Amino acid sequence: MIYKKQSNYKIYVLGAGAVGCYFGGMLARAHHDVTFIARSERTKALNESGLEMDCKAFHETIAVKASAELSILSDADLVLLSVKSLDTERTLAQVQSILPSKAVILSLQNGVANIDVASKVVANPIYAAVVYVAAGMVGQRTMKHHGRGELLIGNPSQANARDDQHLQGICALFEGAGVPCTIASQIKRDMWLKFLVNCSFNAISGIGQIPYGEMVKSPEIVKLIEEITKEFLAIAALEDVNITMSEAVAINASIATTMVTQVSSTAQDLARGKMTEIDFLNGYIVELGKRYGIPTPYNESVHALVKMLESQIK
């Protein structure tokens, strides 16, 4: 994938939620050939009325293409994988026989296990993106941007010359569309730093239906985030990812100040009566804790509370 300015790459957003609509929308706004794959209601709204991007820097409606049919992936060059982590294996199994061998997949998902899961299902090159964007969907066609919007991309396993070419091409696409994008030399560590943020904020925001800026006004919540972080760092070290407490405190603090009005994806899912990704966030830390024989009571508590709320979903 060597990106050229006048290329006709076929780009598909597989999972048109807030993250997919933000990054796919930015590419479509830059006149790239982007198709959103979504459920029928969102597909109809996007095709009929366009994608409304209510962003910090602009407010525009972008004419876009959308489909509910997975078969259209047969000519894909680049797939932005933005389905929920709990849907990764099932979704890729459905498209495994449709995707052409040339297609490159970029995972824009939460958690640190998606690349491993995806690689067991499809043979296509698949890369990780560490996503820092505060966004949410309002109705079926409006993407509300609350802040940030940058990507770090890379190969969590050993990159080769082909990977470098693919990653440079992806970076050029996003940079040309006004999205800051960097090839990370330590993408696994960057993934875990973002994973820390997810574990620190998502569940609490979901349980309280509260934005990040409001969360950290409570000393009790700040203390809870600190304890969740301590457990997280102990597990990360056992996974060969070393993050200092001061680093962790700094990145958590930056999220609270740069995404003040954002409520987590967990909060958004619960508010819509949808299942969350909590098993792939704090639940994954709990799972690794059991594997290593390390107690994780704070992560276990918020995980259990979100599972309780999920149990009320009809």
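A trainee and a mentor talk through a predicted model, one question at a time.

Trainee: What is the mean pLDDT of the chain?
Mentor: This is a predicted model, so confidence comes up early. Of the residues in the chain, 97% reach 70 or more. The mean pLDDT is 95.

Trainee: Over which residues is the pLDDT below 50?
Mentor: One such stretch has 7 contacts in the model beyond near neighbours in sequence. Where pLDDT is low, the predicted coordinates should not be read in detail. The stretch is residues 2-6.

Trainee: How many disulfides does the structure hold?
Mentor: A disulfide needs two cysteine sulfur atoms within 2.5 Å. The sulfur of C55 has its closest cysteine sulfur in C21, 11 Å away, so that pair is too far for a bond. The sulfur of C171 is 3.2 Å from that of C181, also too far. The number of disulfides is 0.

Trainee: Is C171 buried or exposed?
Mentor: Buried means under 20% relative accessible area. C171 has 9%. C55, at 10%, is buried as well. For C171, the word is buried.

Trainee: Which residues does L27 touch, not counting those up to four places away in sequence?
Mentor: L27 sits in helix α1, residues 18-29. Its relative accessibility is 0%, so L27 counts as buried. Its partners are I11, H32, V34, L80, L173, F174 and A177.

Trainee: What distance separates the C-alpha atoms of L27 and V179?
Mentor: Along the chain, L27 and V179 are 152 residues apart. In space, their C-alpha atoms are separated by 8.7 Å.

Trainee: Where is T296 placed, and which residues is it in contact with beyond four places in sequence?
Mentor: T296 is in the loop between α11 (282-292) and α12 (297-310). Its relative accessible area is 4%, so this loop residue is buried. Its contacts are E231, I235, I285, V286 and G289.

Trainee: In β4, which residue is the bridge partner of D54?
Mentor: Strand β3 covers residues 51-54, and strand β4 covers residues 59-62. The two pair in the antiparallel sense over 4 bridges. A hairpin of 4 residues joins them. The partner of D54 is H59.

Trainee: How many of the 13 residues of strand β8 are buried?
Mentor: Strand β8 spans residues 126-138. The rest of the structure largely encloses it, because its buried residues number 12.

Trainee: Do β7 and β8 run parallel or antiparallel, and which residue in β8 is the bridge partner of I105?
Mentor: Strand β7, residues 104-107, is joined to β8 by 3 bridges. The two run parallel. The partner of I105 is I126.

Trainee: How many bridges join β8 to β9?
Mentor: Strand β9 takes in residues 142-154 and runs antiparallel to β8. One bridge pairs V130 with L152 in β9. The two strands form a hairpin with 3 residues between them, and G139 in the turn has a positive phi of about 70°. The bridges number 11.

Trainee: How many salt bridges are there in the count?
Mentor: The rule asks for a side-chain nitrogen of Lys or Arg within 4 Å of a carboxyl oxygen of Asp or Glu. By that rule, the count is 19.

Trainee: How many residues apart in sequence are the parts tied together by D269 and K84?
Mentor: The side chains of D269 and K84 meet in a salt bridge at 3.0 Å, N to O. D269 lies in helix α10 (265-271), while K84 is in the loop between β6 (78-81) and α3 (88-95), so the tied parts are apart in sequence by 185 residues.

Trainee: Is D269 buried or exposed?
Mentor: Its partner K84 is partly exposed at 22% relative accessibility. D269 has a relative accessible area of 3%, under the 20% cut-off, so it is buried.

Trainee: Which residue forms a salt bridge with R189?
Mentor: The closest N and O atoms of this pair are 2.6 Å apart. R189 is in helix α6 (187-208), and its partner is in helix α9 (245-258), 58 residues apart. R189 is partly exposed at 24%, and the partner is partly exposed at 29%. That partner is E247.

Trainee: Which residues are linked with K230 in a network of salt bridges?
Mentor: K230 bridges to E226, with closest N and O atoms 3.5 Å apart. Both lie in helix α8 (219-238), 4 residues apart, about one turn of the helix. K230 is partly exposed at 39%, and E226 is partly exposed at 30%. Linked with K230 are K223, E226 and E227.

Terms used: Residues are numbered from 1 along each chain as its sequence is written. This is a predicted model: local features need pLDDT of at least 70, side-chain atom pairs count only at pLDDT 80 or more; totals for chains, interfaces and linings use all residues. Side-chain values use heavy atoms; hydrogens and water are left out. Buried means under 20% relative accessible area, exposed over 50%, partly exposed in between (1.4 Å probe, protein chains only). Contact means heavy atoms within 4.5 Å. Two strands pair if DSSP finds at least two bridges between them. pLDDT is the predictor's confidence in each residue, from 0 to 100.
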